[in-house]
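Q: I'd like a close look at one part of this protein, taken slowly, please. Here is what I have in front of me.

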Amino acid sequence: MRIEIPREVERFGPIKFHDVQKVWELDAGLKHTKNEPKEKERRVITRVAYESIQAVQEEMAIVVPIKDEKIKLLEGVLAGIPHHCQVIIVSNSKRTPVDRFKIEKDALEHIAKFMKKEIFIVHQKDPKLAEACKNAGYPHILDDNGLVRNGKAEGMILSTILAYLSGKKYIGFIDSDNYFPGAVYEYVQEYSAALYAAKSKYAMVRIAWHSKPKIVESNLFFAKRGRASEHTNKILNSLVSSYTGYGTEIIKTGNAGEHAMSLDLAMNIDYSSGYSIEPYHYINVLERFGGIVGSPQPEIMKQGVEFYQIESRNPHLHEVKGEEHVKSMSREAMESIYHSPICPDHLKEEIHQDLISRGLIAEGEEVPNTLRYYPALTKVNMLKFKDTLKKTAYAEYLKADLKDYKYINGRNGLMREKVVTTDHLPEKHEKLEVK
Ligand code: GDP
Ligand code: CO
C-alpha cells in the first residue's frame with residue numbers, strides 16, 4: 001500500500017490527531033521491487049510492503065459484530081478479510097423462533113471447508129461468557145438476568161477480551177452488513193498499514209469513507225460523509241479547540257465503526273454503551289491522557305496516543321437501517337460528549353441547541369443521559385476468564401501465553417508490560433486546565 005503521510009497533526013498534550021491520509025496505491029508490492037529497493041520513502045509518501053502488512057495481520061484479530069444480518073452479507077465480509085487475521089464473530093442474533101445463530105454457525109462451518117481461515121464465533125448471550133465475566137471480576141457488562149447486555153458496544157468489549165486471550169497485538173472491527181468484500185479487504189489493509197507506521201504502542205486507526213453511494217433522482221450519487229458524522233465531528237473538533245484555543249477540523253471520523261487499534265490501547269480505555277462507543281474513544285482518550293484531569297498512566301503519557309485517519313478508496317455500502325437508527329446513533333454520540341467531565345459549558349449549550357434544532361429532542365427537554373460506561377479491561381482477570389472458557393468449542397483459539405501474567409489488587413499486568421488502570425473518571429471536575 002502506498003499512502004501519503006498526514007499533512008496536519010493536532011497535538012493535545014501527549015495525544016496526536018493525524019489528519020486524513022490518502023491512499024495512492026492499494027498495492028505497492030514486495031519490499032524489494034525492481035525500481036524501489038527500499039520499503040519506506042522518507043518524503044510525503046510511505047510505501048508499506050506486502051511483508052510488513054502480513055506481519056501486522058499475523059498479530060491481528062478482526063472482530064465482526066453481527067445481529068440478524070443476511071448470511072450472504074456475512075459470507076462476503078468473511079471472504080474479504082485477509083487470510084492471516086484471526087477472525088472473531090460476536091453474534092447477538094435471535095435464537096427464536098428461527099435460530100439465526102445456528103444458521104450463522106452452519107454457514108461458517110460450510111465456509112471453513114473452502115477457506116483455511118482461523119475463525120470462531122461466539123454468542124453474546126452465551127451464559128458461559130457471562131460466567132467468565134463474573135468470575136474475572138468484570139460484571140459491568142452484565143444485565144439483570146446475569147447475561148451480557150445487548151448492544152454493539154457490549155459485543156465489542158467482549159471480543160476485545162477474546163482477542164487478548166487469543167494472544168493478538170492488534171484488534172480491528174468490521175461490520176457484518178458491508179456489501180463489498182473488496183471494501184472489507186481494503187479496510188483491513190489500511191488498518192495494518194497505519195498500525196505498522198504508528199510510532200506509539202498506543203495507536204488507533206479509523207476509516208474515513210471516501211464516499212457512500214446513494215440513488216438520487218435515479219442516478220448514483222457518491223456522498224462524502226454521513227449526516228450523523230458531520231455533527232459528531234463538528235462537536236468533537238469544538239471540544240479540542242476549546243482547550244487548544246485554535247479552531248480545527250482535524251477529526252473526520254467521529255462515528256467510524258471501521259477502526260482498529262493496538263490491544264495495548266484497547267485494554268486501557270473505558271468504553272461507553274451502544275453506538276456512542278466510537279465517538280467516546282476520542283473523548284475518553286482526551287479524558288484519560290489529555291492532561292486535563294490528571295495523568296493516571298505515566299507510561300502511556302510518555303509514549304503518547306496516536307489517532308490515524310485513512311480515507312478508503314472503495315465506496316462504503318451497508319444495510320440501510322432507517323431514519324430512526326441514524327437519529328438515535330447521532331443522539332447517543334452527542335450524549336457521550338455532553339456528559340464528559342471535560343465538556344465545557346458553552347459546548348454543552350451548543351450540543352443542547354443542536355439536538356433541539358435537529359428534532360432529536362424536544363424544545364425544553366434536557367439532553368438525555370441514557371449511556372452506560374464500562375471501565376477499562378485491565379480490570380479483567382484474564383486467567384479466570386480463560387479458565388471459565390476451557391471447555392468451549394473455541395477454547396483452542398485462546399492461546400495467549402499467560403505464563404508470566406499477574407493479576408494484582410484487582411488489576412492486571414498487561415502482557416507486554418505492566419500498566420495499571422485507574423477507576424473510571426469522576427463525574428465532574430471543578431477546574432479544567434490544559435497542562
Ligand atoms: P451502522 O452501520 O453503524 O449504522 O450500524 P449497524 O446497525 O449496521 O451495526 C453495525 C454492526 O454491528 C452490524 O454488523 C450489526 O449487525 C452489528 N450489531 C448491531 N447490534 C449488535 C449487538 O447488539 N451485538 C452484536 N454483537 N452486534 C451488533
Ligand atoms: Co451498518
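Which residues in helix 2 meet which residues in helix 3?

A: Happy to walk through it, bearing in mind that this is a predicted model. From helix 2, the residues in the contact are Ile71, Leu74, Glu75 and Leu78. On the side of helix 3, they meet Arg100, Ile103, Glu104, Ala107, Leu108 and Ile111. Sorted by character, the residues of this contact are seven nonpolar and three charged, with no polar ones.

Now for the geometry. Two packed helices are described by the angle between their axes and the distance between those axes. Here, helix 2 spans residues 71-80 and helix 3 spans residues 100-114. The two pack at an angle of about 40°, and their axes are 11 Å apart. Angles under 35 degrees would count as roughly parallel, and roughly perpendicular begins at 65, so helix 2 and helix 3 are oblique to each other. As for handedness, helix 2 passes helix 3 in a right-handed crossing.

While you have the model open, the largest pocket is worth a visit too. It holds about 1,200 Å³ of space. Its lining has 47 residues, and the closest to the pocket centre are Tyr275, His318, Lys321, His325 and Met329. Among the elements that give two or more residues to this lining are strand 5 (60-66), helix 5 (152-165) and helix 11 (323-338). Helix 11 gives the largest share, four residues. By character, the lining divides into 13 nonpolar, 17 polar and 17 charged residues.

How values were computed:
Residues are numbered from 1 along each chain as its sequence is written. Chains are lettered from A and ligands numbered from 1 in the order in which they are written. This is a predicted model: local features need pLDDT of at least 70, side-chain atom pairs count only at pLDDT 80 or more; totals for chains, interfaces and linings use all residues. Side-chain values use heavy atoms; hydrogens and water are left out. Axes are lines fitted to C-alpha atoms, for helices over the stretch in contact, and angles run from 0 to 180 degrees between N-to-C directions. Angles under 35 degrees count as roughly parallel, over 145 as roughly antiparallel, 65 to 115 as roughly perpendicular and the rest as oblique. A crossing is left-handed if the near helix is turned anticlockwise from the far one by less than a right angle, and right-handed if clockwise. Contact means heavy atoms within 4.5 Å. Ala, Val, Leu, Ile, Met, Phe, Trp, Tyr, Cys and Pro count as nonpolar, Asp, Glu, Lys and Arg as charged, and the others, Gly among them, as polar. On a 1 Å grid over the protein atoms alone, a cavity is a set of points where a 1.4 Å probe fits but cannot get out, and a pocket is an open set with protein on both sides within 12 Å along at least five of seven lines; lining residues have an atom within 4 Å of a point. Grid points are joined across faces, edges and corners, and a volume is the space filled by probe spheres set on the points.
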